Amino acid sequence: MVKEIAISIYLFVFRILFNFFKLFTLKTKTVCVATFGDNIFYTTKALSKLSDEEVVILKSSSCKYLFHNLKATIIPFTLKHPIAYIKSIYHLATAKTILIDNYYGFLAATSFKQGVTCIQLWHAGGAIKQFGLKDPTNKFRSKKANERFQQVYNTFHYTVVGSERMAETFKESFGLTDDRILRKGIPRSDVLFDHSMKESIYNQMVEKHPIINNKQIILYAPTFRNNQLSHYQLQLDIGKLYQELSEDYVLLIKPHPAVTYDISEAYQDFVYDVSEFYDTNQLLLITDILITDYSSIPFEYALLEKPMIFYAYDMEEYRLTSGLIDDYEQQMPGPVVASTEAIILTIKENKFNYGKIKEFAKQWNEYSNGKSSMNLAKYLTDTELKEREKAII
């Protein structure tokens with residue numbers, strides 16, 4: 001009850017400020033609200049090649065993306081910086097294009113002017129767990145909270161997808177109609193087609209950790225658990241992995257951005273914390289084997305047609321609490337295991353179905369072809385329409 005009252009007050013104040021700023025003239029500018037940042041970075045980078053319009057990025061407190069070499073104004077979008085927060089609301093109320101990459105509750109208090117387009121660049125290229133209207137925790141929420149969720153989803157004029165499978169997921173999860181789906185591909189997936197970037201990232205890593213040179217790279221990238229956002233406990237037996245694999249492999253660990261954790265210093269020549277790598281897809285370029293669980297990372301990693309292991313040690317619990325899909329074990333393009341010993345065995349015996357990985361990539365990335373950012377930027381600037389009209393003439 002107290003939480004609902006606090007949310008209602010927050011949205012009431014937000015609505016007042018937003019409606020006041022709506023009295024100002026709309027500007028041809030793109031305003032982005034970033035939690036993850038990668039899709040926004042690649043989209044606005046491509047946009048700058050086609051247009052000199054103003055780009056403003058409202059960076060949430062949890063956003064770790066650095067937006068290097070981007071022609072944009074970066075504003076902290078947090079109540080800890082009240083002046084900046086009010087400026088952010090002004091920009092949201094006066095921009096013709098709004099790009100977002102997550103669920104943002106403040107959208108329930110917005111009613112955009114005619115001529116404004118709000119586009120959802122969702123942070124996952126595929127779906128392993130249920131979310132939005134399908135989230136199993138919705139049944140424990142109040143009617144008012146669920147109505148607020150639907151109000152947020154209704155503000156998305158369009159949602160960008162990389163496949164028809166994800167289009168169907170968004171229709172169910174956000175209540176979208178087909179005409180509100182943009183089939184342009186996932187912008188951040190473009191980097192997975194950039195071979196020069198792969199060499200650059202690898203050289204950076206070797207320079208920092210020389211022992212990596214000439215070894216196979218295993219990346220462990222688990223998703224977060226709601227009850228372990230701080231003091232996350234790794235369920236891997238690092239000692240066993242070191243004993244069995246350290247001669248030929250190194251292990252990189254990248255937790256979910258919301259998670260904090262500690263790694264023992266006992267295996268410094270084998271285990272490396274790469275949480276500072278804010279662009280996960282760049283890290284995937286140099287990864288030889290991915291270990292994950294219920295994360296969306298495999299959907300794009302499959303484009304590289306490299307092996308994956310799904311370390312689902314708490315699968316049944318996660319299914320109940322987070323809405324894991326029923327056929328998870330059948331859908332995943334790699335062995336689903338529950339122990340460190342099984343991970344070691346899978347790697348040593350090369351128990352990977354590369355044909356299944358390729359098919360998985362095809363199903364979830366049919367529109368992600370290395371040009372997704374530019375395809376979306378062309379749509380945003382009407383360049384796509386102009387090119388079609390020119391071709392007809």
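Tutor: Helices here are DSSP runs of H or I with at least four residues, numbered from the N terminus. The model is predicted.

Student: In which helix does Ile5 lie?

Tutor: Helix H1 spans residues 2–21. Ile5 belongs to that run, so the helix asked for is H1.

Student: Is Ile5 buried, partly exposed or exposed?

Tutor: Buried means under 20% relative accessible area and exposed means over 50%. Ile5 has a relative accessible area of 45%, so Ile5 is partly exposed.

Student: What accessible area does the nonpolar surface patch with Ile5 have together?

Tutor: Ile5 shares this patch with Met1, Ile9, Phe12, Val13 and Ile16. Together these residues have an accessible area of about 650 Å².

Student: Which strands are the edge strands of the open sheet in the order E10-E9-E8-E11-E12-E13?

Tutor: The sheet has 6 strands, and their pairing is parallel. An edge strand pairs on one side only, and this holds for strand E10 (271–273) and strand E13 (336–337).

Student: Which residue in E9 stands opposite Ile218?

Tutor: Strand E8 (residues 216–220) runs parallel to strand E9 (residues 249–253), and 5 bridges join them. Opposite Ile218 in E9 stands Leu251.

Student: Which element gives the largest share of the lining of the second largest pocket?

Tutor: This pocket holds about 670 Å³ of space. Its lining has 26 residues, with Phe41, Tyr42, Lys45, Met197 and Gln282 the closest to the centre. Helix H2 (38–50), helix H6 (195–208) and helix H14 (372–380) are the elements that give two or more residues to the lining. The largest share, 6 residues, comes from H6.

Key: Residues are numbered from 1 along each chain as its sequence is written. This is a predicted model: local features need pLDDT of at least 70, side-chain atom pairs count only at pLDDT 80 or more; totals for chains, interfaces and linings use all residues. Side-chain values use heavy atoms; hydrogens and water are left out. Patches are made of residues with over 30% relative accessible area and no salt bridge: like charges are joined within 9 Å, nonpolar side chains (Val, Leu, Ile, Met, Phe, Trp, Tyr) within 5 Å. Accessible areas come from the Shrake-Rupley method with a 1.4 Å probe; for residues, only the protein chains shown count as cover. A salt bridge is a side-chain nitrogen of Lys or Arg within 4 Å of a carboxyl oxygen of Asp or Glu. Buried means under 20% relative accessible area, exposed over 50%, partly exposed in between (1.4 Å probe, protein chains only). Two strands pair if DSSP finds at least two bridges between them. On a 1 Å grid over the protein atoms alone, a cavity is a set of points where a 1.4 Å probe fits but cannot get out, and a pocket is an open set with protein on both sides within 12 Å along at least five of seven lines; lining residues have an atom within 4 Å of a point. Grid points are joined across faces, edges and corners, and a volume is the space filled by probe spheres set on the points.
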